[in-house]
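Me: I should like to go through this structure term by term and see on what ground each description rests. Please set each value against its criterion as we proceed.

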Amino acid sequence: MRVSAPILRAQPVSSWSERSLAAVWHPCSQMKWHPEMPLVSIERAEGPWLFGHDGRRYFDAIGSWWVCLLGHRHPAVVQALRDQLECLDHVMLAGLTHQPVVELSERLSAMTGNALGHAFYGSDGASAVEIALKMSAHAWQHLGRAQKQSFVCLAGGYHGETLGALGVTDLSGFRQPYEGLVHAAHVVPNADARRAQPGEDARAVALRQARHVERLFAEHAGGIAAIVTEPLVQGAGGMIFHDPEYLRQVRSLCDRYSVHWIADEIAVGCGRTGTFFACEQAGVWPDLLCLSKGISGGFLPLSIVLSREEIYRLFLHESAAKAFLHSHSFSGNALACRAALAVLDVLEQDQVLAANRLRAKRLSERLQPVARHPRVEHFRSIGMIWAWEVAGASVDFSRRVYRVALEHGLLLRPMGATVYLMPPYLLSDGDIDLLARSVCAVMDEVLA
Ligand SMILES: Cc1ncc(COP(=O)(O)O)c(C=O)c1O
């Protein structure tokens with residue numbers, strides 16, 4: 001019998017953070033920085049609060065990478081999961097089905113007015129993007145247009161980090177080391193509302209920038225399967241906002257040039273921008289729509305691609321080879337679907353999105369000292385997202401904010417010089433005031 005060698009440790013380990021440094025390779029992290037920037041070990045969480053093993057509590061102002069929609073451990077979702085555990089944990093979704101996946105699919109389709117449906121399930125955001133890209137290219141093959149195999153994304157776009165998703169991600173930090181492995185997309189300039197020229201508003205920027213898409217389509221649409229966009233807010237690219245007009249333009253150009261539009265609502269969906277789907281604000285629907293992150297309230301990994309009926313129908317055939325033969329082991333996991341249904345129940349029954357308008361107004365008002373700070377630029381908000389840039393930020397600005405914020409009992413993780421808030425929705429007035437006070441204190445200290 002082969003016995004694996006014991007792992008020798010020079011020092012006895014004394015805490016979860018130290019043991020984590022030795023045992024866990026953390027995502028999106030330079031592990032070398034961590035000894036001087038200790039990992040915060042979280043013991044439990046409730047509402048907007050994370051409680052550390054260090055006896056301190058931290059306000060989760062970024063909803064743990066934008067997934068904790070209702071706050072942590074919302075009792076209705078906890079109860080729904082307990083109930084679900086009493087009957088079905090997981091079952092493969094090929095050849096089998098179950099109540100939660102059917103109900104969730106029906107409900108999401110109804111929320112698009114049945115413009116989209118036939119929910120296809122993945123496990124995380126990147127897998128949803130992979131699914132949508134493959135569905136699009138494969139659909140064109142079914143139509144005898146196999147040459148339509150390339151994709152378009154926006155400058156600063158982010159759609160995940162698996163190789164297909166990286167191909168439509170225009171952030172060099174994530175992509176550059178894997179450039180040789182990636183099938184690169186066409187990149188068009190985005191419609192960043194901050195780039196308005198004198199006399200222009202955000203809508204005018206959208207109209208102007210849509211012309212780049214038009215020019216590209218006019219020349220290359222014969223080889224393009226789809227354009228992928230993050231509707232209204234390009235998140236990881238630095239909370240880049242654009243006017244809904246841009247989406248209307250994309251829709252109409254896609255129709256005119258026979259290109260699919262994939263709306264990646266992984267970050268902006270589920271009410272984050274004020275409406276359940278960000279696309280609703282433009283009054284147009286994409287051909288394929290990706291959801292993940294907040295849909296399961298941050299409880300369990302889940303992603304969904306909704307498609308137009310015409311796309312779905314192209315895959316119906318006697319031959320198995322014509323089907324969409326994509327699968328993930330955890331596709332449509334019953335617990336994750338049940339969590340999502342509970343999240344939708346809370347959003348609906350408590351009229352959360354309507355209440356968020358009041359919450360957003362209050363937080364925007366309380367953040368005015370930040371907005372007016374002489375070094376703060378482009379203070380902006382939409383729905384439950386706030387962002388601003390800091391002029392003259394040093395290279396280690398983001399790390400410094402992260403550290404100072406923790407000292408103030410706040411979880412923040414700026415992207416370069418862009419500081420943002422994407423808090424859980426269910427905040428009381430007291431939570432909002434405390435959040436604003438803490439953010440103001442952090443910015444004061446960092447910008448002093
Ligand atoms: C718009 C968008 N698409 C895709 C992804 C990838 O999701 P995941 O990290 O779950 O793979 C993200 C993650 O931040 C995202 O913001």
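**Grounds for the descriptions**

Reply: Let us begin with a sheet of this predicted model. Three strands, 3 in number, form an open sheet in the order β13-β14-β16, and their pairing is antiparallel. Its edge strands are β13 (376–382) and β16 (418–421). Neighbouring strands of this sheet are turned by 15° against each other on average, direction ignored.

Me: What makes β13 and β16 edge strands?

Reply: Each of them pairs on one side only.

Me: How do you know that β13 and β14 pair?

Reply: Two strands pair if at least two bridges are found between them. Strand β14 (residues 385–390) and β13 share 5 bridges in the antiparallel sense, so the criterion of at least two is met. One of the positions can be named: S381 has W386 in β14 as its bridge partner.

Me: What is the strand order of the open sheet with mixed pairing?

Reply: That sheet has 7 strands in the order β4-β12-β11-β10-β7-β5-β6. Its edges are β4 (117–122) and β6 (186–188), each of which pairs on one side only. The average turn between neighbouring strands is 20° here, direction ignored.

Me: How do you know that β5 and β6 pair, and in which sense?

Reply: Strand β5 (residues 150–154) and β6 are joined by 3 bridges in the parallel sense. The requirement is at least two, and therefore the two strands count as paired. Within this pairing, V152 has H186 of β6 as its bridge partner.

Me: Which strands pair with β7, and over how many bridges?

Reply: β5 pairs with β7 in the parallel sense over 4 bridges. Strand β10 (residues 260–264) also pairs with β7 in the parallel sense, over 4 bridges. V228 takes part on both sides: in β7, V228 is the bridge partner of C153, and V228 stands opposite I262 in β10.

Me: Why is β7 called mostly covered?

Reply: Strand β7 comprises residues 224–229, and 6 of its 6 residues are buried. Buried here means under 20% relative accessible area.

Me: Why is M239 called buried?

Reply: The relative accessibility of M239 is 0%, which is why M239 counts as buried; the cut-off is under 20%. M239 is found in the loop between β8 (233–234) and β9 (240–241). Its phi is near 50°, a positive value in a residue other than glycine.

Me: Q351 also has a positive phi. Is Q351 buried or exposed?

Reply: Q351 counts as exposed because its relative accessibility is 55%, and exposed means over 50%. Its phi is about 45°, although Q351 is not a glycine. Q351 lies in the loop between α11 and α12 (352–366).

Me: Why is Q30 called partly exposed?

Reply: Q30 has a relative accessible area of 43%, and so it is partly exposed. Partly exposed is the class between buried, under 20%, and exposed, over 50%. Q30 sits in the loop between α1 (16–23) and β1 (42–46). The C-alpha atoms of Q30 and L104, which are 74 residues apart along the chain, are separated by 38 Å.

Me: Why does S331 count as buried, and where is it found?

Reply: S331 counts as buried because its relative accessibility is 8%, and the limit is under 20%. S331 is found in the loop between α10 (309–314) and α11 (334–349).

Me: What makes S331 and Y121 a polar contact?

Reply: A polar atom of the S331 side chain is 2.9 Å from the backbone oxygen of Y121. The cut-off for a polar contact is within 3.5 Å, so this distance satisfies it.

Me: Which residues make polar contacts with the ligand?

Reply: Three can be named.
- D264 has a polar side-chain atom 2.6 Å from a nitrogen atom of the ligand.
- G125 has a polar backbone atom 2.8 Å from an oxygen atom of the ligand.
- K293 has a polar side-chain atom 3.0 Å from an oxygen atom of the ligand.

Each distance is within 3.5 Å, so each pair qualifies. Taken alone, the ligand exposes 390 Å², of which the protein buries 82%.

Me: What is the make-up of the shell around the ligand by class?

Reply: The shell has 5 nonpolar, 3 polar and 4 charged residues. Among the residues around the ligand are W66, Y158, H159, E230 and I266.

Key: Residues numbered from 1 in each chain as written. Predicted model: local features only at pLDDT ≥ 70, side-chain atom pairs only at ≥ 80, totals over all residues. Heavy atoms only, no water. Near = heavy atom within 4 Å. Polar contact = N/O pair within 3.5 Å; in protein donor to acceptor, adjacent residues only side chain to side chain. Areas by Shrake-Rupley, 256 points an atom, 1.4 Å probe, with all protein chains shown as cover. Nonpolar A, V, L, I, M, F, W, Y, C, P; charged D, E, K, R; others polar. Helix = DSSP H or I, 4+ residues; strand = E, 2+ residues; numbered from the N terminus. Buried < 20%, exposed > 50% of the residue type's maximum accessible area, 1.4 Å probe, protein only. Axes fitted to C-alpha atoms, helices over the stretch in contact; angles between N-to-C directions.
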